[in-house]
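The following exercises introduce a protein model to a reader who has not met it before. Each task is followed by a solution in steps.

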Amino acid sequence: MNDSHSGPTNLATDSANVAVQAEAIHGPVNVYQVAGAPSPEKTFKAGLNSLRAGMAPEARKYIRDAVVLCNYVNGQSCFYLLLALLSGRTLQQVPPKEIAILRSVRGAVKDDDEWADAIKMVDHLLTSRSTESGAADIEQELQNLTDGQRNDVLQHMEMFLDSSAEDALWARAFDAARSDRYAKDRLRRAWKFFQPEPSGARVRPADPVLIRLGTWTGATATTALALVTVGFIGATAWQYNGTTAVSALLALAAGCYASVRSGVEWRCRKERRQAKDREYLRRPATTTRGDGFASKIDQQFNHYFALYTPRGADKARWLSETAGVRRALRDEVVTIYRESTVNAKRVAWLTRYLVTDVARRWQAGKLWDYRKELRVPLLVKAMCVLAAIAAATAGALLIWGGAHVRPLIVPLAAFVALASVWLSARVWLRIAAEYKRHAAEKAEKEVLLAGREAALERWKRKLADRPDDLEMARWLECDRKALMEEAMGFYRLKRQDVLAHAFIEAPATPSYSRARIEDGPWRYSKYKILLFLLTKDGVRQLTVHLDFQEATFRSRARTNYRYDAFTSVQVAETDNGENVFELTLTNGDPIKVKVTDPPTEVTQKEDKNPQGASQVTLGTAGLGNALHVLEGVAAEGKEWIAFERQREKVPLAEMSEAVNAIFA
């Protein structure tokens, strides 16, 4: 695509599958919903928010309920009811029964009401369509409105700003869009809307103490046998020399205790170091394929390990040396968060934290510090060996003394005592080491959890000023106005040269993020926007890709075709639930645009109403008006514009009469 191209262009390039990078569903948020038995004020507020978010059908429902059913009738509610009835559609699309709603509030507004001027302004815009004068009056009326009223009129009466009398209004709308497009720190905040609510900090719990019943039985039996045999030998040795026997028994007990105690430390450190070596030094397995949770966590770790390569480091060396650590951390995240309701993007904060922590320690040369920390000190080894020697010496003294009293039985008892003490020491060593391992791992997990909780709090603080949906809707509306102004500049058109126009907004492939609040439409980080301008010479189509987070247009494609080139226009829902807009011309391939995605595994698990979200998104994508305009052109050609003006005369008169009846 390029800006200078003006001939027919095949734009069917985006009908391929979309790779959704991220999606988030924020909630519960009551901005577009009302709880049971709501007050009239809350019902109206929900309708007003829906209107400003571009959800005109939902706005009509709530505001109508507030006005008609709840009798919430005042100048403000009448003004926004009028805008809701007209928003995003022509007079031909307004059913007579909805015009009748305005008649139900006959005489509800006084001329001195602060909203009276705004209502009269709307009526003036409607009736001025059949004239070519009154621009100064309309401009003055618009000037008298508040900023909020003026912005709402320019946004929702866009379809009726199509005569030369409204050039000034379009200029004002373009000025407002340029002013608000980057307002409220958009470039710094917009990306945050697409970040899901993070899952809580977790660590894989320490492995429980695992000692089988047979181990306990063996420990008990060997200990009892050791006590009996050693006691027999000690009693016999006491008969030979009581003082020596008592001293030897005490030395034997102290030596065994010291030897086992230091042996527990030795064994625990050795086993923990070996376990970490096995975990951190093994080669990573093949990356999981597919769209499941484990596969997405794989992608996160691969992406962030490549992205956060330490400064000045060789990337290949960095990835090679940390392959085992990467696999171990990946396995932990998959294990502790692999639940049916967890979206992988909700734990991306943890992946980033883990990777940056590894990078920091690797660059500082501390990644393998656990080897030093778990190295068995020489003092522990010496204590274990010396204590064992002391115990053996004390045992030999006992046996020597006892053998003088009973030379045949004591040696046999000594053999049994030696075997039972050895087996008992080994079993108790294993038991004590397991408890010590559990306590050490538990303390380590507490430190890890504290670090992760701190990282989570930092991430939450960063997302604290996440924009709400109304801000996102306003920014997108400004982007549309900016595109309209740009298109008119491209084609060197004045406002009176544009007989009608229509927008279609769709997610832009190949990758994008999306998010929505509960009951709201999907918002995308990247859009493909089609703008159709109907002029006396034919249709001008401008297709652009909008990077919403950066507020920039890219990949512009200009296409021109005659009115008689239209063959058909439709929106079809495919078997997998996606909605595709298709415009067929007499020459070239159909223009296809995927407007909504099919429900994904994540939305089906986390979204209460994925189909409803799709319908709401279709409503905000501009399809209603686009289909009305393009279907009319496909059926009637250029004459549709003139016929449309004729067909509007009756509903225009009825609408104007209903608006005037509002005033007492």
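**Exercise 1.** Determine which residues Met157 touches, leaving out those up to four places away in sequence, and place Met157 within the nonpolar core.

*Solution.* The model is a predicted one. Step one: beyond its sequence neighbours up to four places away, Met157 touches Leu83, Leu86, Val122, Leu125, Leu126 and Asp152. Step two: the largest nonpolar core has 48 residues, and Met157 is among the members that touch the most others, together with Phe79, Tyr80, Leu86, Leu102, Ile119 and Met655. Step three: helix α3, residues 75–86, supplies the largest share of this core, with nine residues. Step four: there is also a second, separate core of 40 residues, including Ala24, Met55, Phe174 and Trp475.

**Exercise 2.** Establish how helices α4 and α23 are oriented relative to each other, and which residues form their contact.

*Solution.* Step one: the axes of α4 (residues 96–103) and α23 (residues 639–660) come within 8 Å and cross at roughly 20°. Step two: angles under 35 degrees count as roughly parallel, and α4 and α23 are therefore roughly parallel to each other. Step three: the crossing of α4 past α23 is left-handed. Step four: α4 contributes Ile99, Leu102 and Arg103, which meet Pro651, Glu654, Met655, Glu657, Ala658 and Val659 of α23. Step five: sorted by class, this contact of α4 with α23 contains six nonpolar residues, three charged residues and no polar ones.

**Exercise 3.** Decide whether Arg480 is buried or exposed, and find its contacts beyond four places in sequence.

*Solution.* Step one: Arg480 is part of helix α19, which spans residues 469–490. Step two: buried means under 20% relative accessible area; Arg480 has 18% relative accessibility and therefore counts as buried. Step three: apart from neighbours within four places in sequence, Arg480 is in contact with Glu158, Phe503 and Glu505. Step four: Phe503 is 23 residues from Arg480 in sequence, and their C-alpha atoms are 8.1 Å apart.

**Exercise 4.** State how many residues of helix α7 are buried, and describe the chain as a whole.

*Solution.* Step one: α7, residues 147–156, is mostly covered, with seven of its 10 residues buried. Step two: these buried residues are Gln149, Arg150, Asp152, Val153, Leu154, Gln155 and His156. Step three: across the chain of 664 residues, 49% count as buried. Step four: the chain has 23 helices and 10 strands. Step five: among contacts with a separation of 6 or more, 75% join residues 24 or more positions apart.

Notes
Residues are numbered from 1 along each chain as its sequence is written. This is a predicted model: local features need pLDDT of at least 70, side-chain atom pairs count only at pLDDT 80 or more; totals for chains, interfaces and linings use all residues. Side-chain values use heavy atoms; hydrogens and water are left out. A nonpolar core is a set of buried Ala, Val, Leu, Ile, Met, Phe, Trp, Tyr and Cys residues joined through side-chain atoms within 4.5 Å. Buried means under 20% relative accessible area, exposed over 50%, partly exposed in between (1.4 Å probe, protein chains only). Helices (H or I, at least four residues) and strands (E, at least two) are DSSP runs, numbered from the N terminus. Contact means heavy atoms within 4.5 Å. Axes are lines fitted to C-alpha atoms, for helices over the stretch in contact, and angles run from 0 to 180 degrees between N-to-C directions. Angles under 35 degrees count as roughly parallel, over 145 as roughly antiparallel, 65 to 115 as roughly perpendicular and the rest as oblique. A crossing is left-handed if the near helix is turned anticlockwise from the far one by less than a right angle, and right-handed if clockwise. Ala, Val, Leu, Ile, Met, Phe, Trp, Tyr, Cys and Pro count as nonpolar, Asp, Glu, Lys and Arg as charged, and the others, Gly among them, as polar.
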